[in-house]
Amino acid sequence: MKVMLVNGSPHEKGTTNRALDEVASALEADGVEVGRFWVGAKPIAGCLGCGHCAKHGGECVFGDVVNEFNHVAADYDGFVFGTPVHYAAASGALTSFMDRSFYSQASGGVNIYPMKPAAGITVARRGGCTSTFDQLNKYFSIVQMPIITSSYWNMVYGRTAAEAEEDLEGLRTMRVLGHNMAYFLRCREAADAAGVPLPPVEPPARTNFVR
C-alpha cells in the first residue's frame, strides 16, 4: 500500500510540508509506504481546454510537472494534497496543477484517481482554511474518490514550520488523518481479497443547460 503526499506550497520545507510530515508519520507507523511530490516554485500554467490530453493518452500539452506526476501517480493507492492558504483558497500553483492533472487523466482515459482514497490539508497563518478545504474536496468528489476524514477539519496553523509545532490540535488532526487513511486502505485490501467488486461503471451522461 502506497500513499502519495503532494506539497502544493512554493516553500518546499514550510508549514505545508510540516503538516504532511505528521500525516506521513502515522501512515508509516501503520505500515503504509509514503511517496512525496513537490509541485515546485516555478510557474504552472492553467488548463487551456485544448483537448490535447484526450488525443494523447492523458498527456498534457505542457510538458511539465503535471505529466511527471501523472506518470508516477498511477502506482499509488491513495493521495493527500496539501496547500497553504492564499486569499482563502489553494495556492495558484496547486490549483493549476490539480486542474490539469485531474482533467487530463479523465479526458485521456487513464483514470488514476477514481475509487482511490484522498484527503486535502490546508495550512494558514490565520484564516481561510475551511474554504480552501472545501475547494480541495471538490476535486475528489467529482471523480469518485472516497474522502478520508479526521477528528477535525484538516488544517494546521502557523506562519512557519516552527510555529506549527505549537498547534498541537492541528498536528494531532494530521496524525488521525494518516491513521484513518491507512485503515481505509487495509479495508480496501481486505475487500479485494474477499472478492468484493468495485461499483459498476455507469455510462456517461452529460446534460447541457444551454442548448
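Let's start with the aromatic rings. This structure, a predicted model, holds 14 aromatic pairs. Take one of them. Phe 81 and Phe 102 form a tilted pair, with 6.0 Å from centre to centre and 55° between the planes. Where do the two partners sit? Phe 81 is in strand β3, and Phe 102 is in helix α4. They are 21 residues apart, and the pair links distant parts of the chain. Buried or exposed? Both Phe 81 and Phe 102 are buried.

Stay with Phe 102. Phe 102 also pairs with Tyr 113, and this pair is stacked. The centres are 4.0 Å apart, and the planes meet at 15°. Why call it stacked? Because planes under 30 degrees apart count as stacked. Tyr 113 lies in the loop between α4 and β5, while Phe 102 lies in helix α4, so this pair ties together parts that are eleven residues apart in sequence. Tyr 113 is buried, and so is Phe 102.

Now the wider picture. Phe 81, Phe 102 and Tyr 113 belong to one aromatic cluster. Its other members are Phe 37, Phe 69, Phe 79, Phe 97, Tyr 139 and Phe 140.

One more ring before we move on. Lys 2 lies over the face of Tyr 76. The distance to the ring centre is 4.6 Å.

Next, helix α3. This helix runs over residues 65–73. Which of its residues are buried? They are Val 65, Val 66, Asn 67, Phe 69, Asn 70 and Ala 73. Phe 69 is the one we just met in the cluster. And what covers these buried residues? The cover includes strands β1 (2–7), β2 (33–38) and β3, along with helix α4.

A general word on helices. An α-helix has 3.6 residues a turn, so residues three or four places apart point the same way.

On to the pockets. The largest pocket has a volume of about 790 Å³. Its lining counts 23 residues. Closest to the centre are Ala 106, Asn 111, Ile 142, Val 143 and Gln 144. Two elements give two or more residues to this lining: α4 (92–107) and α5 (129–141). Which gives the largest share? Helix α4 does, with seven residues. By class, the lining has 15 nonpolar residues, four polar ones and four charged ones.

The second largest pocket has a volume of about 230 Å³. Here 14 residues form the lining. Nearest the centre lie Ser 9, His 11, Thr 15, Pro 84 and Arg 159. At least two lining residues come from each of α1, β3 (78–86) and β5 (118–124). The largest share is three residues, and β3 supplies it. By class, we have five nonpolar, seven polar and two charged residues.

Last stop: Thr 16. This residue sits in helix α1, which spans residues 15–29. Why does Thr 16 count as buried? Because its relative accessibility is 2%, and the cut-off for buried is under 20%. What does Thr 16 touch, leaving aside its neighbours within four places in sequence? It is in contact with Asn 7, Gly 8, Ser 9, Gly 82, Thr 83, Pro 84 and Val 123. Two of those names came up a moment ago. Ser 9 and Pro 84 are among the residues nearest the centre of the second largest pocket.

That's the tour.

Terms used: Residues numbered from 1 in each chain as written. Predicted model: local features only at pLDDT ≥ 70, side-chain atom pairs only at ≥ 80, totals over all residues. Heavy atoms only, no water. Helix = DSSP H or I, 4+ residues; strand = E, 2+ residues; numbered from the N terminus. Buried < 20%, exposed > 50% of the residue type's maximum accessible area, 1.4 Å probe, protein only. Contact = heavy atoms within 4.5 Å. 1 Å grid on protein atoms, 1.4 Å probe; cavity = no way out; pocket = protein on both sides within 12 Å on 5 of 7 lines; lining within 4 Å. Points joined across faces, edges and corners; volume = space filled by probe spheres on them. Nonpolar A, V, L, I, M, F, W, Y, C, P; charged D, E, K, R; others polar. Phe/Tyr/Trp six-rings, centres within 6.5 Å; stacked < 30°, edge-to-face > 60°. Lys NZ or Arg CZ within 6 Å of the ring centre and 35° of its normal.
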